Amino acid sequence: MTYLDYAATYPMPEEVREAMSEAEEKFFANASALHTPGHLALNEIEECREILADLVGANPDEIIFTSGASESNNTVIRTFEGHKIETSPLEHHSILETAKMYRGEKMPKLYSYMLANNETGEFLELPKVDHENSFLHSDLTQALGKIKIDVKELGLDYATFSAHKIGGPIGVGALYIRNGAPFRPLIVGGNQEKKRRGGTYNTVGIIGFKAALLKMRNDESFLRYDHDVRKLRDELARRILAEIPGSSLNTEIAPGKSLPNILNASFEAAEGESIQLYLDAEGVAVSTGSACAAGDIKPSHVLMAKTNDAEVAHSSIRFSFGLENTMEDVQRVMEILPGIVKRLQDISTIKMKGTK
Amino acid sequence: MNEGEDWVYSEKVKDHFLHPRNFLMGDEKKFECDATGIVGNPICGDQMKMFIRVRDDKIVDIAWKTYGCASAIASTSALSELAKGKTLDEALEISAKDIDNYLGNLPKHKFHCSILGHDALKEAINNYRAARKS
């Protein structure tokens, strides 16, 4: 199989699977318990906290573990319940829908802007805040591991992280809360995380997160993304434009404009879900911004906000690379994609521009 | 090829998607037809056009074009199989439910947005009859 859907979930590397299965045996105890097995489990959790903090330029006590990015995002928005909340239109639904539900008129105001978008990979400009009348949250789910991150340099009060986008398990995330920034726990009823997030520690999951972070650090993943993965992404972009009539890019691929591992492209007159499923039938996994794929009636809000063209959004495909991909994967896609698109264009009711 | 138990669609849908019947490739003029009907809108993500050839009040041949998702392609393909050889009155009776039954049921959220072809077929039949009257 050719897997090009890393931005959806990063398949778990062997090191992570091994660390987790070892943890099931060795660190089974409740990490809040005072006995030795409990301590051993808690030590592992604290190590993960230190590693993540070190990687993103935070203090360990500014990191809490959550069940994933959606919980982290909800926690920040709910902290500002009844307050002014401004988000970019490109945010994940766990920001957009929560903000819609809970925003009000009170100050201080929260800004929530992701650093890099999950569908196009493009960077957003973060607003400046004064940390008194205004605070800044950024969803760093896609950025973690792909580029160097420093939460202090970015001027953040809050930041969201997810384990399964870097090879860790699904169901584990983290939230950076700057010391001194307002905070209200979402899950109440427990002394865990210094009363900032109730619930028994997910020791095995957090150990998996730790293994993924260590691998990321040891592999110097952001250098490899910048050098190796960028080459693959850019080559795919070049070949799509050169070899597929009616294709266009929804990702600006110039350095500094987008994450090096995501390419979003649209194919005139060919619908995204059909392209995705024809690719799937040939063993190539990608995703689409077409409405149909998500069981939604509207196409991707991200591509709509960017292009304001529903046909472009319906006809879009996201290719997202990981460290395991090679140029052979690009070659494989380009062996079959032009034919798939051509066939869909040939049976399409939409006439290609420049044809009869 | 992925032999697809893990597909979200039934085997029949998958078959009609991967091997659609009666589709019209490229230039529409390649298919000699007596009437056409079109339904849907690319903005909504699905559009179907039906082309029919009629002799003695019967659909003797049929072709289609679709811009849309897998279930749109499969349902239009299925409709073309259902309609071929039917009299115009019989073809007018084909409903979305008939197409859905023929395909072994599409995922629920797909039903309304992707089974539209029968409306295009109705329009084609009505266009055919209107042209004959005038």
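Is A:E122 buried or exposed? A:E122 is buried, with a relative accessible area of 14%. Here "buried" stands for under 20% relative accessible area, "exposed" for over 50%, and "partly exposed" for anything in between (1.4 Å probe, protein chains only).

Before going on, a word on the model. This is a predicted model, in which local features need pLDDT of at least 70 and side-chain atom pairs count only at pLDDT 80 or more, while totals for chains, interfaces and linings use all residues. Residues are numbered from 1 along each chain as its sequence is written, chains are lettered from A and ligands numbered from 1 in the order in which they are written, and side-chain values use heavy atoms, leaving out hydrogens and water.

**Salt bridges**

Side chains of opposite charge can pair when their charged atoms come close. The rule used here asks for a side-chain nitrogen of Lys or Arg within 4 Å of a carboxyl oxygen of Asp or Glu. By this rule there are 31 salt bridges over all chains. Here are three of them, each within chain A.

| Pair | Closest N to O |
|---|---|
| A:K109 and A:E86 | 3.1 Å |
| A:E122 and A:K306 | 3.1 Å |
| A:R332 and A:E335 | 3.1 Å |

To place these pairs, you need the helices (H or I, at least four residues) and strands (E, at least two), which are DSSP runs numbered from the N terminus. A:E122 and A:K306 link distant parts of the chain: A:E122 lies in the loop between β4 and β5 (134–139), and A:K306 lies in helix α9 (residues 301–307), 184 residues apart. While A:E122 is buried, A:K306 counts as partly exposed at 39%.

The pair of A:K109 and A:E86 also joins distant parts of the chain, with A:K109 in strand β4 (residues 106–112) and A:E86 in strand β3 (residues 83–87), 23 residues apart. A:K109 is buried at 19%, and A:E86 is partly exposed at 28%.

What separates A:R332 and A:E335 in helix α11 of chain A? They are three residues apart, which means about one helical turn. A:R332 is partly exposed at 25%, and A:E335 is partly exposed at 49%.

Salt bridges can also join up: A:E15, A:K215, A:D219 and A:R224 are linked in a network.

**Aromatic rings**

Rings of Phe, Tyr and Trp (its six-membered ring) pair if their centres lie within 6.5 Å; planes under 30 degrees apart count as stacked, over 60 as edge-to-face and the rest as tilted. The whole structure holds seven aromatic pairs over all chains. The rings of A:Y3 and A:Y6 have centres 5.1 Å apart and planes at 70 degrees, so this pair is edge-to-face. A:Y6 is buried at 6%, and A:Y3, A:Y6 and A:Y10 form one aromatic cluster.

**Where chain A meets chain B**

Contact here means heavy atoms within 4.5 Å, and it takes 25 residues from chain A and 31 residues from chain B. The two chains bury about 2200 Å² between them, 60% of it on carbon and sulfur atoms. Buried area is the accessible area (1.4 Å probe) that two parts lose on being put together, summed over both. A:A281, A:I347 and A:T349 supply 28% of the area that chain A buries against chain B, more than any other three residues. How many salt bridges does the rule find across this interface? The rule finds zero between chain A and chain B.
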